[in-house]
Amino acid sequence: MESQVHVHTLGPSGTNCEAAAHHWLDRQGIDDHRVTLYGTLEEAVEVVTTAPAAHVLLGCVVYPDLHHIVFRNLDALALVECFVMPTHHMVVAGDMSKPVPTVASHPAPINLLDAWTPEIRFVDSNVRAALTVASGAADACVTTSVAAAEAGLPVVKDFGPVPMGFTIHANRTYRRQHG
């Protein structure tokens, strides 16, 4: 029987979900663990629902299709915990000086752009938004301060940390072992 707790969540490295996974593990006092990152939570669900033991999915309450993840997987997953923690600082980063800049953003924080009217290019995570700008495929992004710094992007506006809800979904095997 596997004793290591394995958290599956949204990547790439540097996402708010990754930070929340480590926060949750620390809060639970779980030392023996792994965190695996995916391009989308839907990819992570495919692994968690068929995992042999001690695997959980960490989601974010503003993830656009979290309701689909919950209701399409009722037979395999259960929502077992919700918690609130502050995100990294949410920022707009890059070059917003063009008349109509192209801005990469995950769908969840797109309303932070209310002050601008850019062309929007949706991506799968805040980190992916920063990487899109760094690659030259967009002018600016809605991202986190951590991702902007890692990509070498100037911050245009800092909204600060946002109190955010995160969810833990356990597969059947985990529920039997950790009740």
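Is Glu81 buried or exposed? Glu81 is buried, at a relative accessible area of 19%. That residue opens the set of close-ups below, which come from a predicted model.

**View 1. Glu81 and Arg27 pair up in a salt bridge.** Here the closest N and O atoms of the two residues sit 2.2 Å apart. Glu81 belongs to strand β4 (residues 77-86) and Arg27 to helix α1, so this pair ties together parts that are 54 residues apart in sequence. Burial is under 20% relative accessible area, and Glu81, at 19%, counts as buried. Its partner Arg27 is partly exposed, with 42% relative accessibility. In total, the structure holds three salt bridges, and the next two views show the others.

**View 2. Asp139 meets Lys98 in a salt bridge.** For this pair, the closest N and O atoms are 2.8 Å apart. Both partners come from loops: Asp139 from the one between α4 (126-134) and β8 (140-144), Lys98 from the one between β5 (90-94) and β6 (102-105). The bridge therefore ties together parts that are 41 residues apart in sequence. Asp139 is buried, with a relative accessible area of 18%, while Lys98 is partly exposed at 39%.

**View 3. Arg121 and Glu119 join side chains in a salt bridge.** The N to O distance is 3.6 Å. Arg121 is partly exposed, at 33% relative accessibility. Glu119 is partly exposed too, with a relative accessible area of 41%.

**View 4. Ser125 sits in the loop between β7 (119-122) and α4.** How accessible is Ser125, buried or exposed? Ser125 has 1% relative accessibility and counts as buried. Setting aside neighbours within four places in sequence, its contacts are Leu10, Gly11, Pro12, Thr15 and His106.

**View 5. The largest pocket has a volume of about 320 Å³.** A total of 19 residues line this pocket, and Val62, Ala108, Pro109, Asn126 and Met164 are the closest to its centre. Two elements, α1 (16-28) and β10 (163-171), give two or more residues to the lining. What sort of residues make up the lining, by class? You'll find 12 nonpolar and seven polar residues, and no charged ones.

**View 6. The largest nonpolar core brings together 28 residues.** The members that touch the most other members are Val7, Trp24, Leu57, Leu58, Ile69, Phe83 and Phe166. Quite a few elements chip in: β1 (5-10), α1, α2 (41-48), β3 (55-60), α3 (66-72), β4 and β10 each supply at least two residues. Which element gives the most to this core? That's α1, with five residues.

**View 7. A closer look at Ile69 and its contacts.** Ile69 is one of the core residues that touch the most other members. Leaving out residues up to four places away in sequence, Ile69 touches Leu41, Glu42, Val45, Leu57 and Tyr63. Leu57 is also among the core residues with the most such touches.

**View 8. A second, separate core is made of 13 residues.** Val91, Val123, Val127 and Val133 are among its members.

Notes:
Residues numbered from 1 in each chain as written. Predicted model: local features only at pLDDT ≥ 70, side-chain atom pairs only at ≥ 80, totals over all residues. Heavy atoms only, no water. 1 Å grid on protein atoms, 1.4 Å probe; cavity = no way out; pocket = protein on both sides within 12 Å on 5 of 7 lines; lining within 4 Å. Points joined across faces, edges and corners; volume = space filled by probe spheres on them. Helix = DSSP H or I, 4+ residues; strand = E, 2+ residues; numbered from the N terminus. Nonpolar A, V, L, I, M, F, W, Y, C, P; charged D, E, K, R; others polar. Salt bridge = Lys/Arg side-chain N within 4 Å of Asp/Glu carboxyl O. Buried < 20%, exposed > 50% of the residue type's maximum accessible area, 1.4 Å probe, protein only. Contact = heavy atoms within 4.5 Å. Core = buried A, V, L, I, M, F, W, Y, C linked by side-chain atoms within 4.5 Å.
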